[in-house]
Amino acid sequence: MRVGVIGVQGAVSEHIEAARKAMEKLGVDGEVFWLKRPEQLGSLDAIIIPGGESTTISRLMVKNGLFDKVRELGESGLPVMGTCAGLIMLSKEVVGATPEQMFLELLDVRVNRNAYGRQVDSFEAPLRLSFDDEPFQGVFIRAPRIAELLSREVKPIAWLGDRIVGVEQNSIIGLEFHPELTDDTRLHEYFLMKAL
């Protein structure tokens, strides 16, 4: 299995480490690597878009020639997971976006950028998952908020209380929080199983 983590900005190395551990737990051989150039997109099995600053990620993906190709791969069914800013990049509609910002529009959700406030308003909280009874510790850092699901194809997979904080739509996963900043690899395992 070959998994690329978009490596233009954000928590790249943490996602690489989490995905490697998830592969080990699943008993899958493969590699996880920094994805920076379009020529690296050949024979990929999955893509992760990390947190960071969504305007910067958008601009650099366009500049590096990744944007259109990643969108095409996502539309063709390749599994893509976006966390925090990565969720913003995947979303169909973004409230509070800057005019120059572009989005992949692979996930039928409306999100609010920086809905939880500034860096000082970051927090951790136990989350409920759709596919496992054990709580998952969610790390929220200047997180976006899923404001609305725009189609029936979007299914919730994580909740903070009764509020949806993680969704999937076929092979696309979007999370408000940072699963790569915990030692819990269940969400990475769940994502990678879409590529098996």
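When I say contact today, I mean heavy atoms within 4.5 Å. Hold on to that, please, as it comes back when we reach Phe-191. Hello everyone, and one thing to say early: what you see above is a predicted model.

Let's begin with the sheets. One of them is an open sheet of nine strands, and its order is E2-E1-E3-E4-E12-E11-E10-E7-E8, with mixed pairing. Which strands stand at the edges? They are strand E2, residues 31-35, and E8; each has a single partner strand, so one side of each is left without a neighbour in the sheet. On average, neighbouring strands here are turned by 25 degrees against each other, direction ignored.

As a reminder, strands of a sheet pair through backbone hydrogen bonds, either parallel or antiparallel. In our sheet of nine, E1 and E3 run parallel and are joined by three bridges. If you want a place to look, Val-3 has Ala-46 as its bridge partner in E3. On we go to E3 and E4, which also run parallel, with three bridges between them, and there you will find Ile-49 opposite Gly-82 in E4. For an antiparallel pair, turn to strand E10, residues 155-160, and strand E11, residues 163-169, with five bridges. Within that pair, Ala-158 has Gly-166 of E11 as its bridge partner.

Stay with E3 for a moment. Ala-46 and Ile-48 point one way from this strand, Ile-47 and Ile-49 point the other way, and all are buried. What lies across this part of the sheet? Helix H1, residues 12-26, lies across strand E1 (2-6), E2, strand E3 (46-49) and strand E4 (80-83), and it runs at about 165 degrees to E2.

There is also an open sheet of three strands, in the order E5-E6-E9, and its pairing is mixed. Strand E5 (91-95) and strand E9 (145-149) are at its edges with a single partner strand each, so each has one side left without a neighbour in the sheet. From one strand to the next, the twist averages 30 degrees. Strand E6, residues 107-112, runs antiparallel to E9, and four bridges join the two. One position to click on is Val-109, whose bridge partner in E9 is Leu-149.

Now to Phe-191, as promised. You will find Phe-191 in helix H5, and at 0% relative accessibility it counts as buried. What is Phe-191 in contact with, leaving aside its neighbours within four places in sequence? The list is Ala-46, Ile-47, Ile-48, Pro-79, Val-80, Met-81, Ser-171 and Ile-173. You will recognise Ala-46, Ile-47 and Ile-48 as the buried residues we just met in E3. As for Ser-171, it is 20 residues from Phe-191 in sequence, and the C-alpha to C-alpha distance is 8.2 Å.

Next, the aromatic rings. The structure holds four aromatic pairs. Take Phe-131 and Tyr-190: their ring centres are 4.0 Å apart and their planes are at 10 degrees, so this pair is stacked. Phe-131 lies in the loop between strand E7 (123-129) and strand E8 (136-140), while Tyr-190 is in helix H5 (residues 186-192), so the pair ties together parts that are 59 residues apart in sequence. Is Phe-131 buried or partly exposed? With 28% relative accessibility, Phe-131 counts as partly exposed.

Another pair is Phe-136 with Phe-177, and this one is tilted, at 6.0 Å centre to centre and 50 degrees between the planes. Because Phe-136 lies in strand E8 and Phe-177 in the loop between strand E12 (172-175) and H5, the pair ties together parts 41 residues apart in sequence. Both Phe-136 and Phe-177 are buried. They also belong to one aromatic cluster, formed by Phe-123, Phe-136, Phe-140 and Phe-177.

Two side-chain details to finish. Arg-128 lies over the face of Trp-159, and the distance to the ring centre is 4.2 Å. And then there is Glu-176, which sits in the loop between E12 and H5. With a relative accessible area of 0%, Glu-176 is buried. Which side chain does the side chain of Glu-176 make a polar contact with? The partner is the side chain of Arg-163, at 3.0 Å.

Thanks for listening, and do bring your questions.

Note on methods: Residues are numbered from 1 along each chain as its sequence is written. This is a predicted model: local features need pLDDT of at least 70, side-chain atom pairs count only at pLDDT 80 or more; totals for chains, interfaces and linings use all residues. Side-chain values use heavy atoms; hydrogens and water are left out. Rings of Phe, Tyr and Trp (its six-membered ring) pair if their centres lie within 6.5 Å; planes under 30 degrees apart count as stacked, over 60 as edge-to-face and the rest as tilted. Buried means under 20% relative accessible area, exposed over 50%, partly exposed in between (1.4 Å probe, protein chains only). A charge sits over a ring if NZ of Lys or CZ of Arg is within 6 Å of the ring centre and within 35 degrees of the ring normal. Two strands pair if DSSP finds at least two bridges between them. Axes are lines fitted to C-alpha atoms, for helices over the stretch in contact, and angles run from 0 to 180 degrees between N-to-C directions. A polar contact is a pair of N or O atoms within 3.5 Å; within protein, one must be able to donate a hydrogen and the other to accept it, and residues adjacent in sequence count only if both atoms are side-chain atoms.
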